[in-house]
Each structure stands twice: as structure tokens, then as C-alpha cells.
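Thanks for sharing this one. Below are some notes that may help as you go through the coordinates, starting with the ligand sites and ending with two backbone details.

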Amino acid sequence: MDSIKIGMIGFGTVGAGVVNLLQDRGDSLAERVGVKLELVRVSVRDINAKRDARVDPLMLTTDPYEIANSDNVDIVIEVMGGEEPAIGLALQSLKNGKHLVTANKLLLAMRGEQVYQAAEDAGVELGFEGAVAGAIPIIRSIKNAFAADRISQVQGIVNGTGNYILSRMTDEGKAFDEILKDAQALGYAEADPTFDVEGIDSAHKIAILGSLGFETPIDFGDVYTEGISAITPEDIDMAREFGYRIKLLAIAKRNTDSIDVRVHPAMIPADNLIANVNGALNSVEVVCDVSGTSMLVGPGAGSGPTASAVMGDVVDISRKIINGAAGKTPPLSVPCKSRTKIPVRPMDEVMSEYYLRFTVPDRTGVLSMIASALGRHKISISSMIQRGRMENEPVSVVLTTHMAKEANLKKALGEIDDMNVCAAETMAIRMVGAG
Ligand code: NDP
Ligand code: HSE
């Protein structure tokens, strides 16, 4: 074999990064693998679109199945995104004996079990380091570095766009929409940026991490997901006043007979490491029974970091091809059949401390109505701040609570809503790592 032939499906932000690495580092990559890595075919939607990297125009095709079915491709890189037609292309590539590298977290969160089984059945390699937390080597850490350990928790910031927005809101007090536009221009955001700001992208990633870490299939519908679009500059200011920062947190945690898998904004003590991971950086904390707690921090989005992760997988797989070791170990480190289903604990049963911001008239009795409703549902208040005092204008009343059950909080907030005293939707943010 004098070269490893690569076909790439998709040539956008990440695809351009891959082409640049293959072109700029060709000699060094060949030294690492033993033979040249050769890009032979690239599929796009629009042949004439302007791109951030150049390839021979004859390499381009609008039919991605040409790559999945080609006899001249060893490794397929899928950086197209979305569920359809990506799933068909992934399965066809695997069935045809091609090794697959994908950065498509949506695909793995929604259809991972099918893809993992197909890769195992075909005896080929599957790389998906680029799908979670950009350049942070979290997939290979879970599969290899912690292979002898038992993981009890994986949590962190796994969406660069969301973290970039929250960080700039915190530092500059700028409006949400203005910052989102910058994140899009920098190539961090998904094709549909609501995936980033509504927590869906983080949910895809934590479903993948939880599934890999706890060796269980996870139904994506079971992942509780809440985004950052309702967070206001006032919440960020109040968090600061209480000594916290707001982050979009993705949590996968083992309980006795269940797992938690969820994504939501969280108020984190300002001196906590995760609270200080800013900009488009991501961080993932892994808690194991033998090694303890490790934390990885790095660039979580964008062309270069993601392409670097994708190419790390390509090099790894190419070396195995050259050494005759490709497809000899299961793609998830353990065989698919040994993964057992662990139920996801319903969100209603989760316990947390809460930050609650009510928008109410500054009138005698209102606060006691709110406090009574919370008390009726066993929610105990730990502190209170009232902001503003303008004649006939609603004011913000912020309460923090002791540990309470999510179901009880929902009931109490429902009762408070029914009292018709709130002039705007109540904001509830879970406080994590306090005390
Ligand atoms: P882009 O939208 O920039 O690029 C997507 C590419 O796929 C484009 O070249 C597009 O063609 C092609 N494409 C899309 N749909 C089709 C289709 N139906 N048929 C054929 N070609 C198609 O996306 P990104 O590069 O940002 O992301 C690619 C993947 O990587 C996604 O799964 C994303 O979630 C993931 N990812 C992205 C990161 C990032 O920071 N951007 C980070 C980590 C993962 P054309 O250009 O002609 O329109
Ligand atoms: N849109 C994603 C993010 C890209 O902002 O994190 C990286 O997966």
C-alpha cells in the first residue's frame, strides 16, 4: 500500500480545516503513518460555492454515494452534518468496508447504536473525536486512558458557541443576538444555531459521552435539555453578586440504579475551575473510581480545532491499516452486545439548589405569597435580594433556595404563576457545586 485514500463528505467549515491540514502537513503526516494520506474525492452540495480551502475541482462531486461506494477510498470523513442523508452514507460506507471518521454529533446521538453496530459488524474503525468538545481528546481518553477505571461522572461545558456568548455577556454586557452573529462568523455555530443556544448540541454531546462512559445506549429523548436564550444580563449580574457565574452545563452521572443525563444553564461558584473556562473553550471533567477527578480544557469549536481532532482519528486509523490492526478491536472499546441499558432518571426526581428571579409589583404581601407557595412545597429559602424600586413598575425579587426536588419546584412555580402576580416569566437556574 503506497497511500491511504481518503474521501470526504462535506467541505464546509470543518472540511476546509481538514483540507488545509492535509495540504500543509502532508509530509509530517506521511512520516507518522508510513505512507501518504491522499484526498481523492470530496462531496459538496454546490460545486461552485466559495470555500476556505482549495482542491482540484475535478475532485468534487455532488453525489456523496460516489464516496461511500468507491473502490478507491479507504477512509471516509463525514463532515456534512445532520441525520439524513448522513446516516445512509455512514451505514453504506461501513457496509462497504470503509473506515469512518465523523464529526457529526447529531448523527451519533440520534443513530449511534446503528452506526456502532454497523462498524463492529463490518470489522472497521470508527473515529468520532471531532464530534465532542472540538480538540479536547475526550473520546480517546474514555475509550483508552480510563479503560481500567469505572467512570461515575462526566460533566462540563461542551458547546463553544454557548460558552462564547455567555462569556461575552458576562464580560461586556452585550446583547445575545449581537454575540451570536460573531460566533457564527467565527465558524463555531451549527448550521442551525438554535442547536447551540437551546442546549441541543450540548445534549447530543453529553448523550455520546454518557453512552460511551457508562457503556449504555441512551435514548436522546430522555436527555433533559434547556438552553441559554432566556438568560438576561440581569441574571448574569445577580449571579456575580452572589459570587457565581452562569455556564451551560452538560452532566452525565451514575446513580445507584439509574443515570442522569441533562443539559441546562447552571450557576457555578466563581472560584470553581469550570466557572473560569471562557470564550469558545470547552472543558470536560471525568470522575473515576480509581484515578479520581481529571479535567480537560481546550478549544471546543471552529475549523482548526475540529479538523485537528478529525485528523488525529485519521492518523490513528491509518496506522492501524498499515499495521494490519484496523477493525480488530470494537469501535466503542467494548463490544456492542456487552452494553446494557441503564434508565435515565426523570428530571422531576433531581435535587438542586435554585436561583429564582421573580418579576413582581413592589407591593405588601407579594413576597409572602411567593414564600408561602415555596414553603408549601418544602422549598426553603436561603437568601433574598430585591432590585429596583420604581412607582408602579415591577421589580426583580431574587431568591436562592436550599436543596429542593425539581418536581416540587415545578409545582410551586405553577402555583405562583396562577396567582397572577408575576409580570414576566420566572427565571429558575440550578446552582451547582455550591457549599
Ligand atoms: P458546514 O455547514 O460549514 O459544512 C457542511 C458541508 O456539508 C458543506 O460543504 C455542504 O455543502 C455539505 N452538505 C451539507 N448537506 C449536504 C447534503 N445534503 N448533501 C451533500 N453535501 C451536503 O458545517 P461544519 O463544517 O461546521 O460542520 C460539519 C459537521 O461537523 C457537522 O456535523 C457539525 O455538527 C460538526 N462539527 C462542527 C464544528 C464546528 O465548529 N463548525 C465542530 C465540531 C463538529 P456546500 O458547501 O456545497 O453547501
Ligand atoms: N457548534 C458547536 C459548538 C461546534 O459551538 O460547540 C463544536 O461542536
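**Notes on the two ligand sites and the backbone**

1. A backbone N or O atom of glycine 187 is placed 3.2 Å from a nitrogen atom of ligand 1. Please keep in mind that this is a predicted model. On its own, ligand 1 has 900 Å² of accessible area, and the protein covers 84% of it.

2. Two further polar contacts to ligand 1 are worth a look. Aspartate 46 uses a backbone N or O atom, which lies 2.7 Å from an oxygen atom of the ligand. With arginine 51 it is a polar side-chain atom that lies 2.7 Å from an oxygen atom of ligand 1. Aspartate 46 and arginine 51 are also listed among the closest residues to this ligand, together with Phe11, Glu190 and Gly302.

3. How many residues surround ligand 1? The shell has 23 residues, and by class they are 9 nonpolar, 9 polar and 5 charged. If you are checking where the ligand is placed, ligand 1 sits in the largest pocket.

4. Why does ligand 1 lie between the two domains? Domain 1 (3-134 + 303-338) gives residues to the shell, and domain 2 (139-299) does too, so the ligand lies between them.

5. Now for ligand 2. A polar side-chain atom of threonine 161 comes to 2.6 Å from an oxygen atom of this ligand, and lysine 205 likewise offers a polar side-chain atom, at 2.7 Å from a ligand oxygen. Aspartate 196 pairs with a nitrogen instead: an N or O atom in its side chain is 2.7 Å from a nitrogen atom of ligand 2. Taken alone, ligand 2 exposes 250 Å², and 94% of that is buried by the protein.

6. Which residues come nearest to ligand 2? They are Lys105, Gly160, Thr161, Tyr188 and Lys205, out of 13 residues around the ligand. By class, this shell divides into 4 nonpolar, 4 polar and 5 charged residues. Helix 7 (160-172) supplies at least two of the shell residues, and so does helix 10 (200-214). The space that ligand 2 takes is the largest pocket, which is also where ligand 1 sits.

7. A backbone point you may want to look at before any setup: the peptide bond from glutamate 84 to proline 85 is cis, with omega near 0°. Proline 85 belongs to the loop that runs between strand 4 (75-78) and helix 4 (86-95).

8. One last backbone detail concerns glutamate 215. Its phi is near 50°, a positive value in a residue other than glycine. Glutamate 215 is located in the loop between helix 10 and strand 8 (224-225); helix 10 is one of the helices that supply residues to the shell around ligand 2.

Definitions and conventions
Residues are numbered from 1 along each chain as its sequence is written. Chains are lettered from A and ligands numbered from 1 in the order in which they are written. This is a predicted model: local features need pLDDT of at least 70, side-chain atom pairs count only at pLDDT 80 or more; totals for chains, interfaces and linings use all residues. Side-chain values use heavy atoms; hydrogens and water are left out. A residue is near a molecule or strand if one of its heavy atoms lies within 4 Å of it. A polar contact is a pair of N or O atoms within 3.5 Å; within protein, one must be able to donate a hydrogen and the other to accept it, and residues adjacent in sequence count only if both atoms are side-chain atoms. Accessible areas come from the Shrake-Rupley method with a 1.4 Å probe; for residues, only the protein chains shown count as cover. On a 1 Å grid over the protein atoms alone, a cavity is a set of points where a 1.4 Å probe fits but cannot get out, and a pocket is an open set with protein on both sides within 12 Å along at least five of seven lines; lining residues have an atom within 4 Å of a point. A molecule sits in a cavity or pocket if more than half of its atoms lie within 2 Å of its grid points. Ala, Val, Leu, Ile, Met, Phe, Trp, Tyr, Cys and Pro count as nonpolar, Asp, Glu, Lys and Arg as charged, and the others, Gly among them, as polar. Domain bounds come from an automatic or database domain assignment. Helices (H or I, at least four residues) and strands (E, at least two) are DSSP runs, numbered from the N terminus.
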